[in-house]
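Reader: Please choose a single part of this model and take me through it closely, step by step. I would like a connected account rather than a list of separate remarks.

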Amino acid sequence: MKFGILINEGPYQHQASDSAYLFCKAALEKGHEISRVFFYNDGVNNSTKLTEPPQDDRNIVQRWSKMGEEHGVDLVVCVAAALRRGIRDENLAPGFRISGLGQLVEVGIQADRLVVFGD
Amino acid sequence: MSEEGGIKKFMFVNRKAPYGTVYALESLEVVLITAAFDQDVSLAFLDDGVYQLKKGQQTKGIETKNFSPTFRALDGYDIEKLYVEREAMEERGLTEADLLVDVIVLSRVEMGELMEQQDVVLSC
């Protein structure tokens, strides 16, 4: 099955990004496809390379980058939501790209399921 | 699923008050883009989300943009299916007369049935 993923919450503050990551990992292990992960609202904060968690904690941003690199998962950050929150190309972690909301609608149309993670 | 010609049923579920958090405003932006993709769009208002449609909003005091006029412009984007949950409205002492646009009022059960018919449900 082809999944689209929407993440509406920032890292660490909220479990949404963790749950989405674990969902994607499990889906990939089962042979499903993750067509795109779209980051919206405070979810855009999952994409900044300036994130530096304590050493004994998980690195949420790097984890997404690694999944993007290893499985070719398209990690898209909403431009309007990003600019509002100080996320720009200069501080984007590897594997993420900034684009428009049309990318969310597109994956909603093309994927078999769009799964929303947020409040 | 209704995928004839790439058209899907998108439902936007609004559960939060219009101000206090950015969810309502940013959800409305997705609604407009989805309509631009010629999709079958409907909006549902439950819980505190019904306050998004309350008439007479004045946001000057909190220095926040009053985006409620956008709801009145939705029919210009061919978005005419606005559903409000009766229980949510009544629990808050509101009636249809308090709302700034025409809506279809559904019971909680009917709302659930409508959600079941959607292809994509975006909630916030």
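Author: Two strands are taken as paired if DSSP finds at least two bridges between them. With that in mind, and remembering that this is a predicted model, we can begin inside the sheet of chain B, where strand 2 (residues 40–45) is joined by four bridges to strand 3 (residues 81–85), the two running parallel. Within this pair, B:S42 has B:K81 of strand 3 standing opposite.

The pair belongs to a wider arrangement in chain B, an open sheet of five strands whose order is 4-3-2-1-5 and whose pairing is parallel. Strand 4 (104–106) and strand 5 (120–123) of chain B form the edges, each pairing on one side only, and from one strand to the next the twist averages 25°. Against this sheet packs helix 1 (residues 23–36) of chain B, which touches strand 1 (9–14) and strand 2 and whose direction makes about 165° with that of strand 1.

Strand 1 of chain B includes B:K9. This lysine is classed as partly exposed because its relative accessible area is 27%, and the class covers values between the 20% limit for buried and the 50% limit for exposed. B:K9 also lies 5.1 Å from B:D119, C-alpha to C-alpha, although 110 residues separate the two in sequence.

From here the account turns to the side of chain B that meets its partner. In chain B, 22 residues are in contact with 22 residues of chain A, and the area buried between the two chains is about 1,700 Å², with carbon and sulfur atoms giving 58% of this. Of the area that chain B buries against chain A, 29% is supplied by B:Y23, B:E26 and B:F37, more than any other three residues supply.

B:E26 deserves a second mention, since its side chain meets that of A:R84 in a salt bridge, with 2.6 Å from N to O. Across the interface of chain B and chain A three salt bridges are found, along with nine residue pairs in polar contact, both residues of each being at pLDDT 80 or more.

The elements described earlier return here: helix 1 and strand 5 of chain B each supply at least two residues of the side that touches chain A, and helix 1 gives the largest share of that side, eight residues. Helix 1 of chain B thus appears twice in this picture, packing on the sheet and contributing to the side of chain B that touches chain A.

Methods: Residues are numbered from 1 along each chain as its sequence is written. Chains are lettered from A and ligands numbered from 1 in the order in which they are written. This is a predicted model: local features need pLDDT of at least 70, side-chain atom pairs count only at pLDDT 80 or more; totals for chains, interfaces and linings use all residues. Side-chain values use heavy atoms; hydrogens and water are left out. Axes are lines fitted to C-alpha atoms, for helices over the stretch in contact, and angles run from 0 to 180 degrees between N-to-C directions. Contact means heavy atoms within 4.5 Å. Buried means under 20% relative accessible area, exposed over 50%, partly exposed in between (1.4 Å probe, protein chains only). Buried area is the accessible area (1.4 Å probe) that two parts lose on being put together, summed over both. A salt bridge is a side-chain nitrogen of Lys or Arg within 4 Å of a carboxyl oxygen of Asp or Glu. A polar contact is a pair of N or O atoms within 3.5 Å; within protein, one must be able to donate a hydrogen and the other to accept it, and residues adjacent in sequence count only if both atoms are side-chain atoms.
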